[in-house]
Amino acid sequence: MFGGRTDINECLLRNGHGPCQDTCTNLHGGYNCSCEGISGTRLSADNHTCEDVDECAAGTSGCSHTCISTMGRTFCLCPPGYELGPDWKTCQGASTTGLSPGR
Ligand SMILES: [Ca+2]
């Protein structure tokens, strides 16, 4: 469109973040923000800040019971009487042997 105009590198500000919360990519006549540097987040609707990706709502958490999503991490919780298995996702009946799982 207006090639040849001098571009402003907005990303030079704030130690390379520019106006972005995380990664800033300078473009001719603009810039792009991304959130690749903060795991578990994505660019929010304002195109500048990073928001938590709710893996619980997305159904990708793998939790067998309760799922808790925090900034950058997801935790699984178990109801009383159950404890989290070695995969940190599946709840197992606590201290019971010889019983088959509920399903
Ligand atoms: Ca620019």
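In the hairpin formed by β1 and β2, where 2 residues separate the strands, Gly-29 adopts a positive phi near 85 degrees. The structure described here is a predicted model, and this hairpin offers a convenient entry to its strand pairing. Strands β1 and β2, the latter spanning residues 30–34, pair in the antiparallel sense over 5 bridges, and within this pairing Thr-23 has Ser-34 of β2 as its bridge partner.

The protein as a whole contains 1 helix and 8 strands, and these elements follow one another from the N terminus in the order β-β-β-β-α-β-β-β-β. Of its 103 residues, 11% count as buried. Among the contacts with a separation of 6 or more, 15% are accounted for by residues that lie 24 or more positions apart.

A second antiparallel pairing involves strand β5, comprising residues 66–70, which is joined to β6 by 5 bridges. Here Ser-69 of the one strand stands opposite Thr-74 in β6. Thr-74 also takes part in an alternation of side chains along β6, which covers residues 73–77: together with Cys-76, Thr-74 points to one face and is buried, whereas Arg-73, Phe-75 and Leu-77 point to the other face and are not buried.

Two further cysteines illustrate contrasting environments under the neighbour criterion, by which a residue is buried if 20 or more other C-beta atoms lie within 10 Å of its own. Cys-20, found in the segment before β1, which itself covers residues 23–27, has 24 other C-beta atoms within 10 Å and is therefore buried. Not counting residues up to four places away in sequence, Cys-20 touches Cys-33 and His-48. With His-48 the separation in sequence is 28 residues, while the C-alpha atoms of Cys-20 and His-48 are 4.7 Å apart in space.

Cys-91, by comparison, has its place in strand β8, which consists of residues 91–93. With 19 C-beta neighbours inside 10 Å, Cys-91 counts as partly exposed, because a buried residue needs 20 or more. The contacts of Cys-91, again leaving aside residues up to four places away in sequence, are with Ser-64, His-65, Cys-78, Tyr-82, Glu-83, Leu-84 and Gly-85. Gly-81 is separated from Cys-91 by 10 residues in sequence and by 9.5 Å in space, C-alpha to C-alpha.

The backbone angles of two other residues also deserve note. Most residues other than glycine have a negative phi. Arg-14, however, has a phi near 50 degrees, a positive value in a residue other than glycine. Arg-14 lies in the segment before β1, and its 12 C-beta neighbours inside 10 Å place this residue in the exposed class, since that class admits residues with 12 or fewer. A positive value is likewise found for Trp-88, a residue other than glycine whose phi is near 65 degrees. Trp-88 is located in the loop between β7, residues 82–84, and β8, and with 11 C-beta neighbours inside 10 Å Trp-88 too counts as exposed.

How values were computed. Residues numbered from 1 in each chain as written. Predicted model: local features only at pLDDT ≥ 70, side-chain atom pairs only at ≥ 80, totals over all residues. Helix = DSSP H or I, 4+ residues; strand = E, 2+ residues; numbered from the N terminus. Pairing = 2+ DSSP bridges. Contact = placed C-beta atoms within 7 Å.
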